[in-house]
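Here are some short exercises to work through with the model open in your viewer. Try each task before you read its solution.

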Amino acid sequence: MEKVQVVIDFLLTHKLIFTALIIVLISLIRRIVLYKIRGDVAFVSEEQRSWMSRTKNGTFVITVLLLFVLWQSEINEFALSVTAIAVAIVVASKEIILCFTGSIQRASSRSFRIGDWIEVGKICGEVIEHNMMATVIQEIDLYHGQYHFTGKTATLPNSMFFTYPVKNLNFMKRYVYHDFSIIVPGFVNLYPMVPGMLEKIDEHISYFSDVAKRYNSMIEKHAGVDLPGSEPHIHITSGATGEQVVHFMLFCPTDKATHLEQEIRADFMALYEEHFPKEEPSS
């Protein structure tokens with residue numbers, strides 16, 4: 001017992017050594033727990049990511065609290081000595097304070113959680129981790145209609161949540177309103193092609209149309225708004241130089257959007273050739 005007391009007195013006297021021991025011990029425990037959560041799987045599930053994030057945040061908070069208790073007297077003396085320059089410290093640490101308050105704002109508003117698809121400014125991605133200072137996302141290409149991961153990881157400081165609106169795109173993980181256009185040069189009457197195109201589209205989407213209707217209704221009830229519906233839409237506009245633009249909108253599974261677009265483009269071109277065959281040059 002006396003030896004234990006001697007060790008405790010030694011560590012309390014040499015606080016730098018005690019601090020290093022605390023950090024090393026917590027880091028080892030953190031690494032072991034993260035290894036147990038991840039296991040030997042190649043891909044981490046959303047539940048695993050949630051527990052990994054909680055473990056990282058929990059160990060960080062415990063470390064900060066233990067170090068604060070250990071160095072409390074020194075911190076009090078330091079706080080009294082810097083009273084005169086407190087304003088300068090606040091100004092210098094403005095970004096850090098905004099990151100902390102941004103984390104509190106995210107937690108209180110429940111704007112997103114791990115596994116959600118979000119858009120902050122021009123950055124879109126799936127949330128894989130968040131802590132008191134930053135949010136980490138796997139970037140997704142939404143601006144080119146591909147809906148796939150780019151392989152890039154973006155770390156967003158939580159202060160961005162005060163500068164840019166946070167858009168939760170979570171429902172797009174399963175189904176998405178996919179828009180694309182086909183430009184037809186010259187002026188021809190394309191409206192007779194519309195019924196045939198709608199029939200072709202109905203053939204392509206028949207295997208998921210019932211599920212799409214139910215999912216669309218669920219989103220409408222959850223969001224409390226009247227969405228365009230799960231039926232395909234076609235409308236035609238004119239461009240600035242006289243060309244015609246055929247716009248398509250589908251409510252379809254996110255992972256099938258690109259494939260369906262290619263099939264519909266092929267059908268449109270085939271129908272266009274049927275309705276407007278090229279005149280063969282006279283000999």
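A residue is called buried when its relative accessible area is under 20%. Keep that cut-off at hand, and remember that this is a predicted model.

**Exercise 1. Tyr175 and Phe251**

Task: Decide whether Tyr175 is buried or exposed, and find out how its ring is arranged with the ring of Phe251.

Solution:
- Step 1: start with accessibility. Tyr175 falls in the buried class, and Phe251 does too.
- Step 2: look at the ring geometry. The centres of Tyr175 and Phe251 are 5.4 Å apart and the planes make an angle of 20°. Planes under 30 degrees apart count as stacked, and stacked is indeed the class of this pair.
- Step 3: place the two rings in the chain. Tyr175 belongs to strand 6 and Phe251 to strand 8, with 76 residues separating them, and the pair links these distant parts.
- Step 4: widen the view. One aromatic cluster takes in Tyr175 and Phe251 along with Tyr177, Tyr207, Phe208 and Tyr215.

**Exercise 2. The sheet around strand 8**

Task: Work out the order of the strands in the open sheet of three strands, and say which helices lie across them.

Solution:
- Step 1: read the order. The three strands are arranged 6-8-7, and their pairing is antiparallel.
- Step 2: find the edges. Strand 6 (175–184) and strand 7 (233–238) each pair on one side only, which puts them at the edges. From one strand to the next, the twist averages 20°.
- Step 3: inspect one pairing. Strand 6 and strand 8 (residues 244–253) run antiparallel and are joined by ten bridges. Tyr175, from the first exercise, stands opposite Pro253 of strand 8.
- Step 4: add the helices. Helix 8 (residues 194–205) lies across strands 7 and 8, at about 140° to strand 7. Helix 10 (residues 257–275) lies across strands 6 and 8, at about 30° to strand 6.

**Exercise 3. The largest nonpolar core**

Task: Which residues touch the most other members of the largest nonpolar core, and which elements give two or more residues to this core?

Solution:
- Step 1: the core has 36 residues, and those touching the most other members are Leu142, Val246, Phe248 and Phe268.
- Step 2: the elements giving two or more residues are strands 6, 7 and 8, together with helix 8, helix 9 (209–223) and helix 10.
- Step 3: follow Phe248 outwards, skipping neighbours within four places in sequence. The contacts of Phe248 include Phe180, Ile182, Met197, Ile201, Ile234, Ile264 and Phe268.
- Step 4: look elsewhere too. Another core, of ten residues, lies apart from this one, and its members include Ile114, Val120, Leu156 and Met160.

**Exercise 4. Strand 1 and its partners**

Task: Trace the open sheet of five strands and find the residues that stand opposite Ile118.

Solution:
- Step 1: the order is 4-3-2-1-5, with antiparallel pairing.
- Step 2: strand 4 (148–157) and strand 5 (166–168) each have a single partner strand, so one side of each has no neighbour in the sheet. Ignoring direction, neighbouring strands are turned by 40° against each other on average.
- Step 3: strand 1 is joined to strand 2 (residues 123–130) by four bridges and to strand 5 by three bridges.
- Step 4: Ile118 stands opposite Gly125 in strand 2 and opposite Asn168 in strand 5. Trp117 has Glu126 as its bridge partner in strand 2.
- Step 5: check the turn and the faces. Strands 1 and 2 form a hairpin with two residues between them, and Gly121 in the turn has a positive phi of about 65°. Trp117 and Glu119 on one side of strand 1 are buried, as are Ile118 and Val120 on the other.

**Exercise 5. A second ring pair**

Task: Classify the pair of Phe112 and Phe161, one of ten aromatic pairs in the structure.

Solution:
- Step 1: the ring centres of Phe112 and Phe161 are 5.6 Å apart and the planes stand at 70°, so this pair is edge-to-face.
- Step 2: Phe112 lies in the loop between helix 6 (94–109) and strand 1 (117–120), while Phe161 lies in helix 7 (residues 160–163), so the pair ties together parts 49 residues apart in sequence.
- Step 3: both Phe112 and Phe161 are buried.
- Step 4: look for a charge over the ring. Arg106 lies over the face of Phe112, 5.8 Å from the ring centre.

How values were computed: Residues numbered from 1 in each chain as written. Predicted model: local features only at pLDDT ≥ 70, side-chain atom pairs only at ≥ 80, totals over all residues. Heavy atoms only, no water. Pairing = 2+ DSSP bridges. Axes fitted to C-alpha atoms, helices over the stretch in contact; angles between N-to-C directions. Contact = heavy atoms within 4.5 Å. Phe/Tyr/Trp six-rings, centres within 6.5 Å; stacked < 30°, edge-to-face > 60°. Buried < 20%, exposed > 50% of the residue type's maximum accessible area, 1.4 Å probe, protein only. Lys NZ or Arg CZ within 6 Å of the ring centre and 35° of its normal. Core = buried A, V, L, I, M, F, W, Y, C linked by side-chain atoms within 4.5 Å.
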